[in-house]
Amino acid sequence: GERGRTVPVSAERFGQVFSALCEGGNSVLCLPLSSHLSRTYANACEAASRFEGKVAVLNSLAAGAQLKLLLERAAQRIREEKSLAEIVGELEALRDRVRTIFVPGSLEALQCGGLVNMQNLSMSMLLNIKPLLQIWQGEIFGWGAGQGSRDMIRLMLQEVSPRAEKILIGSYGCSIFARTLYNEVRKNWICPCELVELGPVLGIY
């Protein structure tokens with residue numbers, strides 16, 4: 001069918017939500033998608049500028065499971081009654097330590113986005129080769145390529161740090177691959193590991 005599309009939340013809508021949340025003297029922390037992937041961050045900043053420091057908008061530089069890491073840390077610090085400035089500072093440090101590697105579910109989607117050309121796409125499909133991509137500082141970069149699921153999992157495991165504190169495995173419409181990767185991580189790492197189901201908006205990205 002037709003490829004899905006997304007529309008960023010408008011500055012007006014952000015303003016309405018911020019206004020409701022700020023009632024009663026509350027502070028607001030907003031963590032939108034990476035500014036490199038969506039205009040949502042810019043719209044949130046525009047709306048936040050009307051609230052005189054009561055609203056902080058952090059550029060997550062993220063799309064996917066890494067957003068969950070930031071939100072969990074923020075929720076923990078809010079329960080500890082940390083200040084808004086302290087929370088933002090800690091999240092910025094955590095954000096810059098997170099690394100995301102992923103396998104696109106569809107090579108055709110990459111071609112539509114201009115990330116691969118038709119000649120490379122046809123050859124990759126013939127050889128069952130899929131690219132490994134990474135999100136770094138909010139942008140998507142090519143990182144490598146593998147042939148078949150086993151090879152992809154092997155390459156991804158090689159990039160997991162032995163000092164990893166937590167590993168999130170996100171999936172959208174590829175649960176068998178994600179479950180296999182999850183089982184392999186559980187065999188080799190003692191840090192917490194969690195499967196995360198991505199929604200359709202992130203699946204489009």
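**Entry 1. Terms and the Arg50 pair**

I call a residue buried under 20% relative accessible area, exposed over 50%, and partly exposed in between. By that scale Glu46, with a relative accessible area of 40%, is partly exposed. I note here that I am working from a predicted model.

I looked up the salt bridge partner of Glu46 and found Arg50, with the closest N and O atoms 4.0 Å apart. Arg50 is partly exposed too, with a relative accessible area of 48%.

**Entry 2. Other salt bridges**

I asked how many salt bridges the structure holds. The count is 13.

I then took the pair of Glu80 and Arg77, where the closest N and O atoms are 3.1 Å apart. Is Arg77 buried or exposed? Arg77 has a relative accessible area of 16%, so I list it as buried. Its partner Glu80 is at 40% relative accessibility and goes down as partly exposed.

Next I looked at Lys166 and Glu72, whose side chains meet in a salt bridge of 2.9 Å, N to O. Lys166 sits in the loop between α7 and β6 (167-171), while Glu72 belongs to helix α3 (residues 65-79), so this pair ties together parts that are 94 residues apart in sequence. I have Lys166 as partly exposed at 30% relative accessibility. Glu72 is also partly exposed, at 29%.

I followed these two residues further and found them in a network of salt bridges that links Lys68, Glu72, Lys166 and Glu194.

**Entry 3. The three-stranded sheet**

I traced an open sheet of three strands in the order β3-β4-β5, and the pairing is antiparallel. Why do β3 (100-102) and β5 (139-147) each have one side without a neighbour in the sheet? Both stand at the edges with a single partner strand each, so one side of each is left free of a neighbour there. Neighbouring strands of this sheet are turned by 25 degrees against each other on average, direction ignored.

I went through the pairings next. Three bridges join β3 to β4 (residues 129-136), and these strands run antiparallel. For Phe102 I find Leu133 as the bridge partner in β4.

I also checked what packs on the sheet: helix α7 (residues 149-158) does, and it touches β3, β4 and β5. The direction of α7 makes about 125 degrees with that of β5.

On the other side of the order, eight bridges join β4 to β5, again running antiparallel. One bridge I wrote down is that of Ile129, whose partner in β5 is Gln147.

I looked at the hairpin of β4 and β5, which has two residues between the strands. Gln137 in this hairpin takes a positive phi near 50 degrees.

**Entry 4. Cavity search**

I searched the whole structure for cavities of 30 Å³ or more and got one. The volume of the largest cavity is about 120 Å³.

Which residues lie nearest the centre of the largest cavity? I have Ser60, Leu61, Arg95, Val98 and Gln137, out of 13 residues that line it. Gln137 was already in my notes for its positive phi in the hairpin of β4 and β5.

I also looked up which elements supply the lining of the largest cavity. Helix α3 and strand β4 each give at least two residues. I had met α3 before as the helix that holds Glu72, and β4 as a partner of β3.

Methods
Residues numbered from 1 in each chain as written. Predicted model: local features only at pLDDT ≥ 70, side-chain atom pairs only at ≥ 80, totals over all residues. Heavy atoms only, no water. Pairing = 2+ DSSP bridges. Helix = DSSP H or I, 4+ residues; strand = E, 2+ residues; numbered from the N terminus. Axes fitted to C-alpha atoms, helices over the stretch in contact; angles between N-to-C directions. Contact = heavy atoms within 4.5 Å. Buried < 20%, exposed > 50% of the residue type's maximum accessible area, 1.4 Å probe, protein only. 1 Å grid on protein atoms, 1.4 Å probe; cavity = no way out; pocket = protein on both sides within 12 Å on 5 of 7 lines; lining within 4 Å. Points joined across faces, edges and corners; volume = space filled by probe spheres on them.
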